[in-house]
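Notebook open. I want to look up a few things here and jot down what turns up.

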Amino acid sequence: MGLLFKNEGHVVFKPAKDVDLTPASSELYLRANVKAPRMAGFLVKVFAWFLESWIFGTLLLFILKRDNLIHKLVTNAELEEPPVYVPLHPFDDKEEEDVKQVGSDLSPPELVQQAIECLPVSLEKTLNGSNFSFRHWTISDYSRAYTSGEITPRTVAEHLIAAIHESSTPPLQMSFFINYKADDILKQATESTLRYEQGVPISALDGVPIAIKDEIDCLPYPTTGGTKWLHNLRPCTDDACCVKCLRLCGAVLVGKTNMHELGAGTSGINPHYGATRNPYSRSKISGGSSSGSAAVVASGLCPVALGVDGGGSVRMPAALCGVVGLKPTFGRVPHSGVLPLNWTVGMVGILAGTVEDAFIVYAAISCQLPPRLLSASPKVNFPLLNSTKTISSIKLAKYGEWFNDCSDDIRECCSNALERLQKQYGWKTVEVTIPEIEMMRLAHYVTIGSECSTSLSSFLEKLYVVDHPDFLPTILF
């Protein structure tokens with residue numbers, strides 16, 4: 001997209017190729033002006049009743065649309081280039097430096113091994129004699145401890161179950177999990193222990209505890225999506241593809257983590273399963289919507305957890321909980337078995353204590369198990385993190401208008417981070433203009449809201465038919 005201007009009452013977006021993206025660009029920066037009164041409980045019911053009524057609803061919609069920027073800047077917009085309905089773009093097959101090209105036909109354990117071989121040798125050092133009060137134990141830590149016989153997956157599982165129980169009950173009540181089953185965790189861990197005793201672990205992930213967001217199918221648990229009703233209308237009958245990949249690697253799947261209801265929020269406050277508390281401060285939120293997944297990693301219960309990110313639902317809780325959050329590119333991780341709430345913007349993502357652990361799990365779940373969803377996947381390049389070369393050619397794009405549109409403490413923190421990257425690694429910051437940031441945000445709301453409404457409409461109709469057979473309301477998000 002590009003420069004916008006008025007033409008007979010319409011907003012027209014020029015093609016990107018016609019837009020000046022330099023710092024001297026005349027593009028207008030439109031600041032967000034969000035007016036969102038809080039409604040809950042009975043007030044929401046009254047508002048919904050008015051909105052769905054034939055007379056009052058028409059009037060109310062007219063008032064809401066009159067000053068609504070979505071209506072002004074998105075609904076009535078004219079696009080001078082064809083819109084992209086699915087985020088698939090022509091693949092530019094450029095040669096990259098310091099990468100290992102990996103075959104797309106490898107199995108999850110083979111992909112994990114390929115990733116392990118890309119890690120720095122320093123990660124292989126033993127931790128014997130180290131006395132840590134707390135640290136994020138990594139996948140490599142677990143694998144070394146299991147292989148050496150220092151501890152077994154069964155013993156780890158027993159301690160983990162006790163820790164989950166403690167975190168779920170007073171006085172903590174952290175609300176990390178929606179569901180977990182001790183007997184299932186112990187069964188998986190026992191099988192992993194036997195493999196290590198026989199000297200045949202499946203991969204570096206064998207016996208490693210990994211939690212799954214309750215938006216992803218993982219037997220024997222129902223997939224609630226953070227609700228109290230969805231799993232009754234959409235039963236979980238099989239593992240999601242990403243979960244199958246982890247099982248094939250021998251990982252111990254420890255349960256379903258808490259989330260913002262239907263992923264439709266960023267706080268992680270769930271009215272049914274409790275507000276997921278931040279491990280660094282119980283009085284703070286953990287972010288959302290993948291709140292539980294970020295919190296279990298930050299607390300040290302699991303080195304890695306899976307989440308789903310449609311508009312920051314992995315990256316925001318990762319930031320608030322001080323862990324690594326990765327949202328892969330569209331199509332890189334198979335989406336089958338995941339609630340189709342946002343099928344063009346929602347991707348399975350990874351929460352981890354370190355970049356290396358996120359890389360290992362990404363390698364495992366990026367396997368395209370049959371049936372393949374894409375006819376021709378781009379080749380996969382794994383970064384050689386064991387390279388001794390310092391990456392000094394990185395350029396960071398900075399749009400000053402947007403960068404400075406925040407509170408002073410946030411601006412100072414981000415500026416200090418850029419300065420440290422420049423001093424330590426020689427990374428450069430380049431000033432640019434990013435047009436229509438506010439319009440992109442509004443367009444994203446339209447996309448994610450309409451997809452969520454569409455995906456849930458059939459289930460909600462069934463729900464209302466059961467509760468009110470003579471009443472089918474309009475479903476609005």
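Which residues does the UniProt annotation "transmembrane region" cover? The unreviewed entry puts it on residues 46-64; such annotations, given in the numbering used here with shortened feature names, may be inferred rather than shown by experiment. I looked at that span: 95% helix, 0% strand, with its end C-alpha atoms 16 Å apart.

Ground rules, for the record. This is a predicted model, where local features need pLDDT of at least 70 and side-chain atom pairs count only at pLDDT 80 or more, while totals for chains, interfaces and linings use all residues. Numbering runs from 1 along each chain as its sequence is written, and side-chain values use heavy atoms, with hydrogens and water left out.

Next, α10, residues 291-298 (helices are DSSP runs of H or I, at least four residues, numbered from the N terminus). Eight of its eight residues are buried (under 20% relative accessible area, 1.4 Å probe, protein chains only). Among them I noted S291, G292 and V297. After the helix comes G300, with a positive phi near 90°.

Then the second largest pocket (an open set of 1 Å grid points where a 1.4 Å probe fits, with protein on both sides within 12 Å along at least five of seven lines). I get about 1,300 Å³ of space for this pocket. It has 37 lining residues (an atom within 4 Å of a point), and V84, M440, A443, H444 and T447 are the closest to its centre. α15 (437-467) gives the most to the lining, seven residues. I also logged α3 (69-75), which supplies at least two.

Conventions: Grid points are joined across faces, edges and corners, and a volume is the space filled by probe spheres set on the points. Buried means under 20% relative accessible area, exposed over 50%, partly exposed in between (1.4 Å probe, protein chains only).
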